[in-house]
Amino acid sequence: MSDAEEDDLDLRELDDDELVEQIQDDLYDGLKDEVVEGVEILLERGWKPYDIMTKALVGGMDIVGKDFGDGILFVPEVLLSANAMKAAMDVLRPLLAETGAERIGTMVIGTVKGDIHDIGKNIVAMMMEGAGFDVINLGINVDADQFITAVKEHKPDILGMSALLTTTMPYMKTVIEALAEEGLRDDVVVLVGGAPLNADFGKAIGADAYCKDAAEAVQTAKAFMQRRHNRRASA
Amino acid sequence: MTNEPAPRKRRRRHAGPSALREQRRAAARHRAHAPGTGKALAKQAGSSKALEKGAKSGRSLIIACGALARDILFLIRQHRDHIDLHCLPAEWHNTPQRIPEGVRARIRQAKEEGYARIFVAYGDCGTGGALDAVLGEEGGISRLPGPHCYAFYTGVENFMRHLERDARSYFLTDYLVRHFDSLIVKGLKLDTHPELIETCFGNYDTLVHLAQDDDPALERKAQEAARFLNLAYERRYVGHGDLATAIERFAGETSSKAEE
Ligand code: B12
């Protein structure tokens, strides 16, 4: 037997825990086909789509996000991982709808006008979806009118805005002011993100929170939903 | 013989799961201490590698992003008697969080060396104001105007006026055209993963070449780059824009200081 053959691995030989770990590793390495195959095997074994999403995919992508933050992975590696996760989500999404899995809340997200950076925004969208939110992704170069229309139409709990350019960051404030003018500001929790932003900027423009990465976005959104839930329960 | 496909065999990580992650972590630790990186520079600033205290007394220094080296050397060619240039890694473009402290370390080293005047040839470069904070803390050192190099090469005012028209433009300066293969193609792994071309550039429609020189060879290279990225091509001759204005002003100020 050659070394190569010895190293070969049939995913079906792995038990559930090993397979989840392998999916996370393959996600880390951006191996799209392998990730999808692993997800399909978990489905065959009776795993719920929601559990696959949170345990295998979101868990794996959290590691990718952390290593990107620490300067261990770079943009192309993150992109390959994100593409692999996207392919797996495409398999799970229709099943989630079928199984009527409970959704935590709704988010509208977009990159603001003038900016067409969307890698980070798409990862946030995917991770929020993975965490159980319905996500309406408005794409790039989104102006205030488009944000307002989407808020009116989808009545989201969370509105997320992304900007990667110094020149487009201020537009987030324009959107927040437009929300206030329309009397919609108190209906949504506004989260902002993007590499050049920071917490002070978030506060200065009147956002509810700035999140440094997708993991923090999920955590923050969940915390807001919990608070909202408690308020409603006690009302 | 059956038509059944053989079960897909895959390669397992050599030393078990996460070995690759460990490998990458080790590489990152190595990078953090390699010369030219923020931490190494910070260390260097206080180490014996720095020139003797006061060695550069009375001279002026431009601390610049490596991407500007060639153009700044051209702009200060008449002023080399009193201006030095020190470049920091152009790769910091992709990790702007390293710029503010990297620049601070070099400023402190320059002060030790006795430089009388310092100018920082960076835009905000996606530091979200953090570079400006450092420059303020280090005694109000000036930098290039505007958010990034595309703006100051074009002329900041002009660039800002056309933000909307250019929202789907991808800019390349001569430097980026020259290093397109290493910085963009290899940097984003577009050669080994061509599917990333669409992921990265699918939202753009035009590659705008902000030319510093009239150089037909470079123009051809820029056109090839546009084809590679599936973008339309547009050439705008901008010369050195506000970079020239700022560097010439610094050169003028410092030479009059030198004469005093
Ligand atoms: C990749 C990249 C590109 C790609 C973008 C591909 C794409 N489809 O998005 C390409 C090469 C096409 C590109 C183009 C440009 N870029 Co660019 N780009 C980058 C780079 C290197 C990385 C950005 C990135 O994707 N990071 C990876 C993701 C995962 O991280 P992230 O975006 O920060 O997102 C995370 C968090 O911020 C957060 N987050 C993000 N959004 C949101 C939203 C919400 C709601 C929340 C809660 C959280 C959150 O969570 C994310 C996941 O963890 C940055 C430098 C940097 N390191 O930031 C420059 C950078 C942003 N680009 C820059 C520039 C100037 C440009 C161009 C103008 C350059 C040009 N040559 O034309 C154009 C932009 C044109 C336009 N109109 O938008 C500058 C901006 C400088 C400035 N002062 O504004 C930067 C900072 C580089 C630099 N140092 O100069 N770019």
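Is B:Asn158 buried, partly exposed or exposed? Select this residue to start the tour; the model on screen is a predicted one. B:Asn158 sits in helix H7 of chain B, which covers residues 156-161. Its relative accessible area is 31%. Because buried means under 20% and exposed means over 50%, B:Asn158 counts as partly exposed.

Keep B:Asn158 selected and add B:Arg227. These two residues are 69 apart along the chain, and their C-alpha atoms are separated by 27 Å.

**The ligand**

Next, select the ligand, which lies between chains A and B. Show the residues around the ligand: there are 44 of them. The closest are A:His117, A:Asp118, A:Ser162 and A:Thr166 from chain A, with B:Phe171 from chain B.

Now display the backbone and look for three polar contacts. At A:Ile116, a polar backbone atom is 2.9 Å from an oxygen atom of the ligand. At A:Gly194, a polar backbone atom lies 3.3 Å from a ligand oxygen atom. On the chain B side, go to B:His93, where a polar backbone atom is 2.8 Å from a nitrogen atom of the ligand.

Switch to a cartoon view to see which elements form the shell. In chain A, the elements giving two or more residues are H6, strand S4 (158-162), strand S5 (189-193) and helix H10 (214-234). In chain B, they are strand S6 (169-173) and H10. H6(A) has the largest share, with four residues. Colour the shell by residue class and 25 residues come up nonpolar, 14 polar and five charged.

**The second largest pocket**

Move on to the second largest pocket, with a volume of about 630 Å³. To centre the view, select A:Ala82, A:Asn83, A:Lys86, A:Asn122 and B:Thr199, which are the lining residues nearest the centre of this pocket. The full lining has 28 residues.

Which elements each supply at least two residues of this lining? From chain A, select helix H5 (75-99), helix H6 (119-130) and strand S3 (133-137). From chain B, add helix H10 (195-201). H5(A) gives the most, with nine residues.

Finish by colouring this lining by class as well. The second largest pocket is lined by eleven nonpolar, eight polar and nine charged residues.

Definitions and conventions: Residues numbered from 1 in each chain as written. Chains lettered and ligands numbered in written order. Predicted model: local features only at pLDDT ≥ 70, side-chain atom pairs only at ≥ 80, totals over all residues. Heavy atoms only, no water. 1 Å grid on protein atoms, 1.4 Å probe; cavity = no way out; pocket = protein on both sides within 12 Å on 5 of 7 lines; lining within 4 Å. Points joined across faces, edges and corners; volume = space filled by probe spheres on them. Nonpolar A, V, L, I, M, F, W, Y, C, P; charged D, E, K, R; others polar. Near = heavy atom within 4 Å. Polar contact = N/O pair within 3.5 Å; in protein donor to acceptor, adjacent residues only side chain to side chain. Buried < 20%, exposed > 50% of the residue type's maximum accessible area, 1.4 Å probe, protein only.
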